[in-house]
Amino acid sequence: MYQALKPLLFRMDAERAHELVTGLLRRAGGQPAVARMIRALYAYEDPSLATTLAGLRFVNPVGLAAGFDKRAELVEPMALLGFGHVEVGTVTPRPQPGNLPPRLFRLPGDEALVNRMGFNGPGMQAVARNLRELRPTNGDRRQATDGRRPTADERRPTTIIGVNIGKNKDTPLERAAEDYAAAFATLAPLADYVTVNISSPNTPGLRKLHERAALEELLGAVATENARLARPLPVLLKVSPDETDAALEEVVGAGMATGCAGFVAVNTTLSREGVRGRAAREMGGLSGRPLGARARATVAHIYRLTNGQVPIIGVGGVASAADAYAMIRSGARLVQLYTGMVYAGPGAARDIKRGLAQLLWRDGLRTTTDAVGVDVR
């Protein structure tokens, strides 16, 4: 059905089409009969796909990347479509409109998008209200690590909620740490993990936070807020695909020094290498299939830098089971997609999971964990 509708959607402005589709998903998720039908159509789980990251149990490794659900309004519909986790955001402390439209562009021949959204969103208080509706009490969903038998809640298959945080556009870089700390303090009690986003190309100067001194100050402020929680959360750092190897090593070093539990690699790229679409001339970050090789190379580099001991979420160019498997074999514990779903449709998570299980069986591997980093090791 989606393939029949896609030509009509692709005649619309990309952002307007996104709003239409997400509006339909919200309404569908709120209708019990429709929700049951969606779950029946898209349900597929296999025990070989279950995995853990920083003590969190994921029923499968396929997640929704930040950017698709900026308001925390689509977690339940995405769970119905089979996503094992949803990363909400990017969320800023104060509401902001983002950049002027048009700001989202398709490159169908490349299966790619260019966006310059600019962290548009309702701000942390509005997102917190939506998360409270999903999770009135923040149960501890981390897997038991003390040798005891996991409780029923810890065993319960569920969609993990991550929250991706950033700074407001008008906050000076020297005060960026305050924005990240404020967003973390407000949203972390309602999340399973938090991702610190310093790598979007659409907020002026943001990538300067990759510099080690500034990054350690920022992550230190977040770590201070995290230590105040009754149950500190895993904090992940989202990195750019456009850094040199030396710069990436500094970023990873800063993350490790300040207690980051893992990395999300990668954000969108400013590169247009190999891209043919007319929209490639638009300013903004490129996502989708052309980013795949660069994303896998970054994941593999982080895997080597950390000796495979720190989990990585691989993002960029994931649209099929083969893409996801290649990302996992490059060192990713989990994968995320956004652009891939725009082109493949709502069955993307189901199809990737089904294909992953077959690829594991083909290669004689029992779980996705067994495949992590095998091409790097």
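This briefing describes the barrel, one helix pair and the nonpolar cores of the structure above. The model is predicted. Its strands include a closed barrel of eight with parallel pairing, and its largest nonpolar core holds 100 residues.

**The barrel**

- The eight strands of the closed barrel follow the order β3-β4-β7-β8-β9-β10-β12-β13, and their pairing is parallel.
- On average, neighbouring strands of this sheet are turned by 25° against each other, direction ignored.
- Strand β3, residues 62-64, pairs with strand β13, residues 334-337, in the parallel sense over three bridges.
- In this region, G63 stands opposite Q336 in β13.

**The helix pair α7 and α8**

- Two packed helices are described by the angle between their axes and the distance between the axes.
- Helix α7 spans residues 176-187 and helix α8 spans residues 212-227; their axes come within 8 Å and cross at roughly 25°.
- Because angles under 35 degrees count as roughly parallel, α7 and α8 are therefore roughly parallel to each other.
- The crossing of α7 and α8 is right-handed.
- On the α7 side, the contact is made by A177, Y180, A181, F184 and A185.
- On the α8 side, the contact is made by E217, L218, A221, V222, E225 and N226.

**The nonpolar cores**

- In soluble globular proteins, nonpolar side chains tend to be buried together.
- Within the largest nonpolar core, M78, Y180, V196 and L237 touch the most other members.
- Leaving aside residues up to four places away in sequence, L237 touches V196, I198, L215, L219, V251, G255, C260, G262, F263 and V264.
- A second, separate core has eight residues, among them F105, V114, V275 and L286.

Conventions. Residues are numbered from 1 along each chain as its sequence is written. This is a predicted model: local features need pLDDT of at least 70, side-chain atom pairs count only at pLDDT 80 or more; totals for chains, interfaces and linings use all residues. Side-chain values use heavy atoms; hydrogens and water are left out. A nonpolar core is a set of buried Ala, Val, Leu, Ile, Met, Phe, Trp, Tyr and Cys residues joined through side-chain atoms within 4.5 Å. Buried means under 20% relative accessible area, exposed over 50%, partly exposed in between (1.4 Å probe, protein chains only). Contact means heavy atoms within 4.5 Å. Two strands pair if DSSP finds at least two bridges between them. Helices (H or I, at least four residues) and strands (E, at least two) are DSSP runs, numbered from the N terminus. Axes are lines fitted to C-alpha atoms, for helices over the stretch in contact, and angles run from 0 to 180 degrees between N-to-C directions. Angles under 35 degrees count as roughly parallel, over 145 as roughly antiparallel, 65 to 115 as roughly perpendicular and the rest as oblique. A crossing is left-handed if the near helix is turned anticlockwise from the far one by less than a right angle, and right-handed if clockwise.
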